[in-house]
Amino acid sequence: MGPMMRAEEESPPWLIPLLRANYFVPCSVHADSNKSECNMFCLDCTSSSFCSYCLSNHKNHRVLQIRRSSYHNVVRVNEIQKYIDISCVQTYIINSARIVFLNERPQPRIGKGVTNTCEICYRSLLDSFRFCSLGCKLGGMKRGNQSLSFSIKGKHGREYQGEAESDEATTPTKIRKTCAFNRLMSGLSISTVKSDYFSGDQWSSSSGDESGFNLSPGTPPIYNHRNSSRRKGVPHRAPF
């Protein structure tokens with residue numbers, strides 16, 4: 001199997017249509033409506049892009065919203081990383097959101113002091129990345145790089161396509177931790193109630209239950225109002 005065939009087979013079937021689709025063009029169905037530009041892509045239909053008015057035709061489908069940055073198509077990282085592995089691709093923060101570019105962005109001139117560039121389009125990158133876009137990573141796979149893959153690896157090394165799995169909640173260790181936490185919280189609740197009773201923050205009077213708390217407000221100290229209202233006598237002038 002050649003590198004190009006391996007790259008296409010190991011990539012999800014919707015990746016290449018996602019990269020090749022035309023975005024931000026008027027929708028052919030809702031051209032007369034406002035904001036009818038095609039900035040959506042369905043991963044289950046893998047057809048052309050569509051506008052937000054067409055979402056009703058893709059109910060319960062996996063849909064990505066495409067955005068633009070410097071006239072290039074981008075997608076948010078928290079949306080795309082649920083379906084593919086985007087490691088080795090540099091991400092950027094634009095408008096407080098981390099995004100990744102879809103296709104290559106050739107750089108005509110490499111700046112001075114640049115030590116790392118994209119392996120496909122030679123755009124300057126940080127030292128920890130190899131590609132500037134998803135399309136460039138696909139190009140690296142087509143060159144025969146066996147270490148690259150879009151498949152998300154699970155906790156046990158399994159490869160799968162789709163949303164990140166979460167089987168930790170059903171493991172025996174997780175169940176034991178949950179039970180221990182519930183017992184701890186129950187104990188804390190009882191001790192908190194006892195503390196509230198004994199600290200005087202809350203008074204309770206329970207009848208007919210000898211095992212419960214049976215506390216009543218303490219008798220307040222006797223206050224001598226007569227002494228507090230006593231007035232001083234008339235002062236006497238000292239003798240000459």
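Q: What does buried mean, in terms of relative accessible area?
A: A residue is called buried when its relative accessible area is under 20%. Please keep in mind throughout that this is a predicted model.

Q: OK, so how many residues of helix 4 are buried?
A: Helix 4 is mostly covered, since 7 of its 9 residues are buried. Those residues are L134, C136, K137, L138, G139, G140 and M141.

Q: K137 has a charged end, so where does that end sit?
A: The charged end of K137 is placed over the ring of F150, at 4.9 Å from the centre of that ring. K137 itself is among the buried residues of helix 4.

Q: What happens at the start of helix 4?
A: There, an oxygen in the side chain of S133 comes to within 3.2 Å of the backbone nitrogen of C136. Just after the helix, G144 adopts a positive phi of about 100 degrees.

Q: And where does S151 lie?
A: S151 belongs to the loop that runs between helix 4 (134-142) and strand 7 (152-153).

Q: Is S151 buried or exposed?
A: S151 has a relative accessible area of 9%, and because the cut-off for buried is under 20%, S151 counts as buried. In sequence S151 and I86 are 65 residues apart, while in space their C-alpha atoms are 9.1 Å apart.

Q: Switching to strands, which strands pair with strand 6?
A: Strand 4 (residues 72-76) pairs with strand 6 in the antiparallel sense over 3 bridges, and strand 5 (residues 92-94) also pairs with strand 6 in the antiparallel sense, over 3 bridges. On the strand 4 side, V74 stands opposite F101, and on the strand 5 side, I93 has R98 as its bridge partner.

Q: How many residues are there between strand 5 and strand 6?
A: The two strands form a hairpin with 2 residues between them, and N95 in the turn has a positive phi of about 55 degrees. As for covering, 4 of the 5 residues of strand 6 (residues 97-101) are buried.

Q: How many aromatic pairs does a search of the whole structure find?
A: The search finds 2 aromatic pairs. One of them joins W14 and Y83, whose rings are 6.5 Å apart centre to centre with 85 degrees between the planes, an edge-to-face arrangement.

Q: Why does that pair tie together parts that are 69 residues apart in sequence?
A: W14 is in the loop between helix 1 (3-10) and helix 2 (15-20), whereas Y83 is in the loop between helix 3 (77-80) and strand 5, so the pair links parts that are 69 residues apart in sequence. Both W14 and Y83 are buried.

Q: What about the rings of Y92 and F101?
A: Their centres are 5.4 Å apart and their planes are at 80 degrees, so this pair is edge-to-face as well. F101 is buried, with 4% relative accessibility, and the charged end of R105 sits over the ring of F101, 3.7 Å from the ring centre.

Q: Last thing, where is confidence lowest, and where is it highest?
A: Confidence is lowest in helix 5 (residues 172-199), with a mean of 46, and highest in strand 4, at 97. The pLDDT is below 50 over residues 159-183, a stretch that has 32 contacts in the model beyond near neighbours in sequence. Residues 188-217 also have pLDDT below 50, with 21 contacts beyond near neighbours in sequence. For the protein chain, the mean pLDDT is 75, and 63% of its residues reach 70 or more.

How values were computed: Residues numbered from 1 in each chain as written. Heavy atoms only, no water. Buried < 20%, exposed > 50% of the residue type's maximum accessible area, 1.4 Å probe, protein only. Pairing = 2+ DSSP bridges. Phe/Tyr/Trp six-rings, centres within 6.5 Å; stacked < 30°, edge-to-face > 60°. Lys NZ or Arg CZ within 6 Å of the ring centre and 35° of its normal. Polar contact = N/O pair within 3.5 Å; in protein donor to acceptor, adjacent residues only side chain to side chain. pLDDT = per-residue confidence, 0-100. Contact = heavy atoms within 4.5 Å.
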